[in-house]
Amino acid sequence: MYPQCVPSATTLINAPFATSAEGFTYADNAFRGSNQPNFANGVFSAGKLSVNVGGGVFTNVSGGWSKGFTTTSSGPVTVSFKYSITSDLGIDPGEWVEALVKIDGTLYGAGATDYVRRIEGGGNQAEVTFSFTSASLSMGTHTITLGAAMNAATINTEVGSVTFDDVLVTKP
């Protein structure tokens with residue numbers, strides 16, 4: 001008998017963020033049609049990418065870190081990353097902070113949602129790993145965006161932050 005060959009995955013992005021943002025670039029208004037650039041910012045610090053939202057009175061603010069990757073054949077990709085959320089405990093009920101990920105504009109979330117995690121009314125989520133397999137992508141260049149959104153703040157001390165680490169995108 002011959003041993004079975006298991007095809008190996010092709011690594012498209014491997015970003016541990018040890019010393020840099022690994023080619024990811026930050027932009028405001030990355031999700032949910034937001035238009036509040038004064039209340040979001042992106043920071044590379046301590047080996048992680050962060051998106052901070054809040055610090056004013058607003059509705060609908062977001063920001064995200066993006067990077068392109070190229071596939072040489074059509075099909076899905078597998079994505080995994082670590083994330084955590086910090087949300088001010090003074091955030092009102094009905095106000096939330098979300099961790100988000102999209103590829104080419106399509107949001108991917110946990111279960112039936114289009115977000116990775118949402119914290120409403122304040123609270124924290126310790127660092128956990130999230131992974132998913134995308135819909136089939138065509139051969140060519142694509143963009144992944146990781147970020148945060150906050151739907152509203154009624155006082156300027158309401159803030160949230162989402163951090164990302166160890167981003168891995170592979171193609172089977």
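Read from the N terminus, the protein chain follows the pattern β-β-β-β-β-β-β-β-β-β-β-β. The radius of gyration is 17 Å, close to the 16 Å that the globule rule gives for 172 residues, so the chain is as compact as a globular protein of that length. The model is predicted. In total the protein chain has 12 strands and 0 helices.

**Overall dimensions and surface**

The C-alpha trace spans about 70 × 30 × 25 Å along its principal axes. Of the 172 residues, 46% count as buried. The accessible surface of the protein chain comes to about 8200 Å², and carbon and sulfur atoms account for 53% of this area. Charged side chains number 8 positive and 13 negative, with the centres of the two sets 9 Å apart. Among contacts between residues at least 6 apart in sequence, 78% join residues at least 24 apart.

**Nonpolar cores**

In soluble globular proteins, nonpolar side chains tend to be buried together. The largest nonpolar core in this chain has 39 residues, of which Phe24, Phe81, Val101, Ile103, Ile144 and Val167 touch the most other members. Eight strands are tabulated below, each supplying at least two residues of this core.

| Strand | Residue range |
|---|---|
| β1 | 10–15 |
| β4 | 48–54 |
| β5 | 58–71 |
| β6 | 78–87 |
| β7 | 96–103 |
| β10 | 123–133 |
| β11 | 140–153 |
| β12 | 159–171 |

The strand that gives the most to this core is β11, with 5 residues. A second, separate core has 6 residues, including Ala30, Phe31, Trp96 and Leu100.

Ile103 can be followed through its contacts. Not counting residues up to four places away in sequence, Ile103 touches Phe69, Val77, Val79, Tyr108, Phe132, Ser134, Leu137, His142, Thr143 and Ile144. One of these partners, Ile144, is itself listed with Ile103 among the residues of the largest core that touch the most other members.

**Ala149**

Ala149 lies in strand β11. Its relative accessibility is 1%, and Ala149 therefore counts as buried, the cut-off being under 20%. Leaving aside neighbours within four places in sequence, Ala149 is in contact with Arg32, Val61, Ser62, Trp96, Val97, Glu98 and Leu100. Among these partners, Trp96 and Leu100 belong to the second core. Ser20 is 129 residues from Ala149 along the chain, and the C-alpha atoms of the two residues are separated by 23 Å.

Notes. Residues are numbered from 1 along each chain as its sequence is written. This is a predicted model: local features need pLDDT of at least 70, side-chain atom pairs count only at pLDDT 80 or more; totals for chains, interfaces and linings use all residues. Side-chain values use heavy atoms; hydrogens and water are left out. Helices (H or I, at least four residues) and strands (E, at least two) are DSSP runs, numbered from the N terminus. The radius of gyration is taken over C-alpha atoms; the globule rule is 2.2 Å times the number of residues to the power 0.38. Buried means under 20% relative accessible area, exposed over 50%, partly exposed in between (1.4 Å probe, protein chains only). Contact means heavy atoms within 4.5 Å. Accessible areas come from the Shrake-Rupley method with a 1.4 Å probe; for residues, only the protein chains shown count as cover. Lys and Arg count as positive and Asp and Glu as negative; His and the chain ends are not counted. The place of a charge is taken as NZ of Lys, CZ of Arg, CG of Asp or CD of Glu. A nonpolar core is a set of buried Ala, Val, Leu, Ile, Met, Phe, Trp, Tyr and Cys residues joined through side-chain atoms within 4.5 Å.
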